[in-house]
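Visitor: Please show the structure, and let us discuss its cysteines and its pockets.

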Amino acid sequence: MLLLTGKQSKLIDEFTQNQIGIPGLVLMERAALKVAEHVEHLIRTGTSPSGSDAVLAVAGIGNNGADAVAAARILKTHGIHAEALVVGNPEKMTESMERQIQIAGELGVNVEITDPEYAVKMYHYFRKKNFGYLLDGLFGVGLCREITGGYRELIEAINDHAFSGEIYKTAVDVPSGIDCGTGRVLGCAVKCSDTVTFGSLKYGLTIDEGRKYAGEIFTEDIGLVNPVPSEIAGEERIVYRSLEKKDLSGLLPLRDPSSNKGTYGKILIAAGNDDIYGAAFLSAAAAYSMGAGLVKVFTSEKNRDNLMRMLPEAMVSTYTKDDFGYAGKDKLRADIKWADVIVCGPGLGTDDTAKGILTEIVSAEIPDKGKGKTLILDADAINMMGTDRELLRTASRNYRTRVIITPHMLEMSRISGETIEKIRENRGLAARNLAEEYKIAVVLKDARTHMAVWDCDEVFVNLTGNSGMSKGGSGDVLTGILASLLAQWRGVFDEHDIMEYEEDTAKYHFLQVIAEAVYLHGLAGDKAAETKGQFGMLAGDIINGIKEVI
């Protein structure tokens, strides 16, 4: 599904009205009806903390405020006590807002209009009437400046602890004060119990402060019509998408009843070192749990016994630091030739041996310029490339752009050269720019993981997962899931040239499969949290969750 910024939301609204011909007042009535129906459901289920069923709409003078006033009017006609407080200069009021106030007045709704300077006093006056529900319609998706003055004082009053336990707050489209393009609070914002948003989910409600202030989100269809993605991208150059459960049916690889273990791909995982074997185990176990046919781990000889005991299904190919320059290197070359998907990095370390392994994998002589093989660079491989980025360009050339890196924020900072603060300002653009620079795919891991591939305006944002996954080993599990799915889909990528981008060809499907892996990883984490709890769950529980969600 689409995740829209504020500018994109306004573009779609204008497109629906001007190109399709659906009048703005019709869209407004549909939006108001959805909000009214939502509030009626809350009333029926007794959601109000104070027990009162009365509704107060706090509105600005724009069309978002008009939605709130119209919703109050609909509630009034349904027998629910509803009033409205409109804040702003009447001379600057939109025509739609003027019309909605007129209609509300004709139907007996009390609408008070006040200057921002007196808004707090008027709000306290209304609060004495014991409203159980508040509709937040002060500012909409177009807000791009910091809130100050009387508006800020009003929002602080709405958020005041003295009232927070007495009234249930529903945002109309977006909590007032949240930037829909970044999720940041613009000076202050209304902390809502839930949000009813229209047409498509707003990107800014899925990340950072926007995620916290929106509460539970309900996305309602009001008849908005989306133009093609390239037109939606506009000056922001990005269209955000996220997967939903209904998308999985077309993305999960099919199981062939006449298949064998080679049908589902051969994965090589270069991971672990003399002191670490857990990362190699987690990646390999996750790959098998996601359906891979064959998994081989290339690791230190010291890890052989532990890995064979913990995961006897995996093949183990080993080296020692003393022999890596000779027999170990020859063994790795043979393993690379054998594999369909190669993973490098989990628990590998950054010493000279690890650098030798990375260099060998990146620079290996691969037939047909890498067609038929995919390379995933994770963890320590990314850290080593932070000091030698030419290796990443070499990988992209050798593997014919079928290269994926999976950095968390600190690793992203190292490999991109940008500060974490700069990356957080626009994660989607940061991921897309790095993908474009090196002609690779980027999985930028965070509370909301962003995924991009070169020469493509669409960036996927993952909405599954929970804080219990913020533990060591979770990323290794993701790497295994990703490798497994790519191995099973390799036939599609071999059939089409991934370097040529059209929406129905391999490159876009490549990005979708990456998004699917991250989505399933989060879904498995959510399943693990159901039984283990977010405090107690471990990375291994996510692997068990994979088996359940699949």
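Guide: Cysteine 144 is exposed, at a relative accessible area of 66%, whereas cysteine 344 is buried, at 0%. Buried means under 20% relative accessible area, exposed over 50%, partly exposed in between (1.4 Å probe, protein chains only). This is a predicted model, in which local features need pLDDT of at least 70, side-chain atom pairs count only at pLDDT 80 or more, and totals for chains, interfaces and linings use all residues. Residues are numbered from 1 along each chain as its sequence is written, and side-chain values use heavy atoms, without hydrogens and water.

Visitor: How many disulfides does a search of the whole structure find?

Guide: A disulfide is a pair of cysteine sulfur atoms within 2.5 Å. For cysteine 144, the nearest cysteine sulfur belongs to cysteine 180 and is 11 Å away. The number of disulfides in the whole structure is zero.

Visitor: Which helices each supply at least two residues of the lining of the largest pocket?

Guide: On a 1 Å grid over the protein atoms alone, a pocket is an open set of points where a 1.4 Å probe fits, with protein on both sides within 12 Å along at least five of seven lines; lining residues have an atom within 4 Å of a point. The largest pocket has a volume of about 860 Å³, the space filled by probe spheres set on points joined across faces, edges and corners. Of its 35 lining residues, those closest to the centre are Lys10, Gly62, Asn63, Asn64 and Gly140. The helices (DSSP runs of H or I, at least four residues, numbered from the N terminus) are α1 (6–20), α2 (24–44) and α3 (63–77).
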